[in-house]
Amino acid sequence: MATAVFFATPSLSLTSTTSKPSSLTLKPSISHSCFPPNNNVQNYRALSLQDLRRRTVIVPLAVAIEKEIPENQPPQTFLRESDEGASNSPSIASSSGSSVRARFERMIRKAQDSVCEAIEAADGDGKFKEDVWSRPGGGGGISRVLQDGGVWEKAGVNVSVVYGVMPPEAYRAAKAAGGSDQKPGPVPFFAAGISSVLHPKNPLAPTLHFNYRYFETDAPKDTPGAPRQWWFGGGTDLTPAYIFEEDVKHFHQVQKNACDKFDASFYPRFKRWCDDYFYIKHRGERRGLGGIFFDDLNDYDQGMLLSFATECANSVVPAYIPIIERRKNMPYTERHKAWQQLRRGRYVEFNLVYDRGTTFGLKTGGRIESILVSLPLTARWEYDHKPDVGSEEWKLLDACINPKEWV
C-alpha cells in the first residue's frame with residue numbers, strides 16, 4: 001500500500017473566538033493536498049482513516065490572532081479599555097496615571113509621526129499611503145508606506161498593538177532566551193511596536209532599519225498563578241552599499257549618545273549584539289554596518305527601559321536624515337546601482353531566513369503586508385559574485401565580514 005504524505009500544511013487552525021485571548025477553538029481544515037508519492041488518487045482513497053492518522057504528519061497552524069479589519073481613521077488608542085489604567089509597576093502607574101502599555105503606544109505613534117514627517121520633507125515628492133486596521137478583540141495598527149518617491153524607492157513606517165495567543169514555537173521565536181521560564185502550551189501575549197525600513201534610490205545613500213517593541217506574556221491556562229513576564233527589544237542599524245566614514249561615524253555616535261544617557265555599558269554591549277544578530281550565517285557576513293540591538297531586556301527598572309526605548313526612537317531622525325541630505329543627490333553609475341541591488345539581495349536573505357520579527361509575525365498570523373514591508377522593491381542575485389580586492393565594493397564587504405569600532 002502506498003504511503004500517504006502530508007505536505008507540511010496544517011490540518012488544524014488555532015483561532016481566537018472571543019475578545020479573551022485565552023479562549024480558543026480548534027477548527028478542522030481539509031483544503032490542502034495529501035496524496036501518495038505517485039499522486040495516485042485511487043490509492044489515496046483506499047487508505048483508511050487509521051492509516052492516514054498513522055502515516056501522516058500533522059503540523060498545527062500557529063495562527064492565534066484575529067483577522068484585521070480596515071478602518072477609515074486611526075482611533076485614539078488601540079488598547080483594550082481594561083489596559084489603559086493598569087500597570088505592572090505601581091511607581092509608573094502613580095506617576096503617569098496610565099499603564100506601560102498605554103505610554104509605549106503613545107511613544108511609538110508619536111515616533112511614527114515624526115519620522116514620516118522628516119522622510120516626506122527630505123523626499124520632496126513622495127507622500128505616505130496610510131492603512132489603518134483593527135481587530136475585534138482589541139489591538140490594531142497603522143501602516144504607512146512611501147513608494148517610488150523622489151529620494152526613497154520604498155519607505156515603510158509601521159506601528160502595531162497586538163493581543164493574541166501564541167503556541168510554544170511562536171513563543172520561542174518571540175523570545176530568544178530559553179530555559180526554565182519557557183511556557184508550556186498556548187501563551188496569551190501582548191505586543192506593541194514600531195518598525196521601519198527605509199530604502200533610498202541612490203546607491204550612495206544607506207538603507208536604515210529601526211524597531212522598538214514592548215512585549216508581555218500572561219500565564220497560560222495550564223500554569224495558573226504564574227507571573228506575567230515583560231521585556232523590551234529593538235535597535236537601529238545602518239546598511240550602506242558604499243562606505244562614507246563620516247556617515248558611519250556620525251550614525252554610531254548618535255547611537256552611543258542615546259545609550260550613554262542611561263548606562264555607559266549599553267553602547268558597547270548593544271553594538272556587539274547588533275553585529276552578532278544581523279549575521280547572515282550562510283554567507284559568513286553581516287547585513288550591514290550595524291548600530292545597536294537589544295532584546296529580552298527586563299533586568300532594569302521598567303520605567304527606565306521605557307525612557308531608554310523612547311530616547312532611541314527619538315534619535316532616528318538626527319542619526320539618519322543628515323546622511324541622506326549629504327548623499328541623496330550624488331551622481332552614481334550603473335556599477336553603483338548593480339552593487340546596491342546585490343546588497344539588497346543580502347537584506348532579503350536575512351529578513352526571510354533569520355529575522356525574529358518576521359518569523360514571529362508569520363507564526364502568529366500577523367498582517368502580511370506589514371510583515372513584508374521591509375523588503376525592497378528590487379534586488380539582485382548573481383552567481384558567485386566577488387568584488388575586486390581593494391575596490392569600494394570590497395571595502396564594504398570586508399567591513400560586513402569584519403565588524404569595526406566606529407566610535
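**Group meeting: a walk through the model**

Let's start with one residue. E285 is buried, and its relative accessible area is 4%. Keep in mind that what we're looking at is a predicted model.

So where does E285 sit? You'll find E285 in strand β13, which covers residues 285-286. And which residues does E285 touch, if we skip those up to four places away in sequence? The list is F278, Y279, I280, R343, R346, L397, C400 and I401. I401 is a nice one to pick out on the screen. E285 and I401 are 116 residues apart along the sequence, and yet their C-alpha atoms are 4.4 Å apart in space.

Okay, let's zoom out. The chain has 407 residues, and 51% of them are buried. There are 13 helices and 14 strands in the chain. If you take the contacts with a separation of 6 or more, 73% of them join residues 24 or more positions apart. As for the outside, the accessible surface comes to about 18800 Å², and carbon and sulfur atoms account for 52% of that.

Now for the inside. The largest nonpolar core has 57 residues, and the members that touch the most other members are F104, I119, W152 and F232. Which helix gives the largest share of this core? That's α4, residues 100-123, which supplies 11 residues. There's also another core lying apart from this one, with 12 residues, including L204, I243, V248 and L342.

Let's stay with F232 for a moment. Leaving out neighbours within four places in sequence, F232 is in contact with V100, F104, R213, Y214, F294, D295, D296, L297, Q302, L305, L306 and A309. So F104 turns up among the contacts of F232, and F104 was also on the list of core members with the most touches.

D296 is on that contact list too, and D296 has a little quirk of its own. Most residues other than glycine have a negative phi. D296 isn't a glycine, but its phi is positive, near 55 degrees. D296 lies in strand β14, residues 291-297. Is D296 buried or exposed? D296 counts as buried, because its relative accessible area is 15% and the cut-off for buried is under 20%.

D384 does something similar with its backbone: phi is about 50 degrees, again positive and again not a glycine. D384 is in the loop between α12 (368-371) and α13 (392-401). Unlike D296, which is buried, D384 is exposed, with a relative accessible area of 53%.

Next, aromatic rings. How many aromatic pairs does a search of the whole structure find? The search turns up 24. One of them is W230 with F232, an edge-to-face pair with 5.9 Å from centre to centre and 75 degrees between the planes. W230 and F232 are both buried.

F262 and F308 make an edge-to-face pair as well, at 5.5 Å centre to centre with 70 degrees between the planes. F262 is in the loop between α6 (245-260) and α7 (266-277), while F308 is in helix α8 (residues 302-314), so this pair ties together parts that are 46 residues apart in sequence. F308 is buried, at a relative accessible area of 1%, whereas F262 counts as partly exposed, at 27%.

Time for a couple of helices. α7 has 12 residues, and from its first C-alpha to its last it reaches 16 Å, close to the 16 Å expected at 1.5 Å a residue. The buried residues in α7 are F266, Y267, F270, K271, C274, D275 and Y277.

Then there's α9, residues 316-327. With 12 residues at 1.5 Å each step, α9 should span 16 Å, and its end C-alpha atoms are 17 Å apart, which agrees. V316, A319, Y320, I321, I323, I324 and R327 are the buried residues in α9. Why do we say that these residues are on the same side of α9? Because they cover an arc of only 165 degrees around the axis.

One last stop, at T359. T359 is in helix α11, residues 356-363, and counts as partly exposed at 24% relative accessibility. I371 is 12 residues away from T359 along the chain, and their C-alpha atoms are separated by 9.2 Å.

That's the tour.

Notes. Residues numbered from 1 in each chain as written. Predicted model: local features only at pLDDT ≥ 70, side-chain atom pairs only at ≥ 80, totals over all residues. Heavy atoms only, no water. Core = buried A, V, L, I, M, F, W, Y, C linked by side-chain atoms within 4.5 Å. Buried < 20%, exposed > 50% of the residue type's maximum accessible area, 1.4 Å probe, protein only. Helix = DSSP H or I, 4+ residues; strand = E, 2+ residues; numbered from the N terminus. Contact = heavy atoms within 4.5 Å. Expected span 1.5 Å × (residues − 1). Arc of directions from axis to C-beta. Areas by Shrake-Rupley, 256 points an atom, 1.4 Å probe, with all protein chains shown as cover. Phe/Tyr/Trp six-rings, centres within 6.5 Å; stacked < 30°, edge-to-face > 60°.
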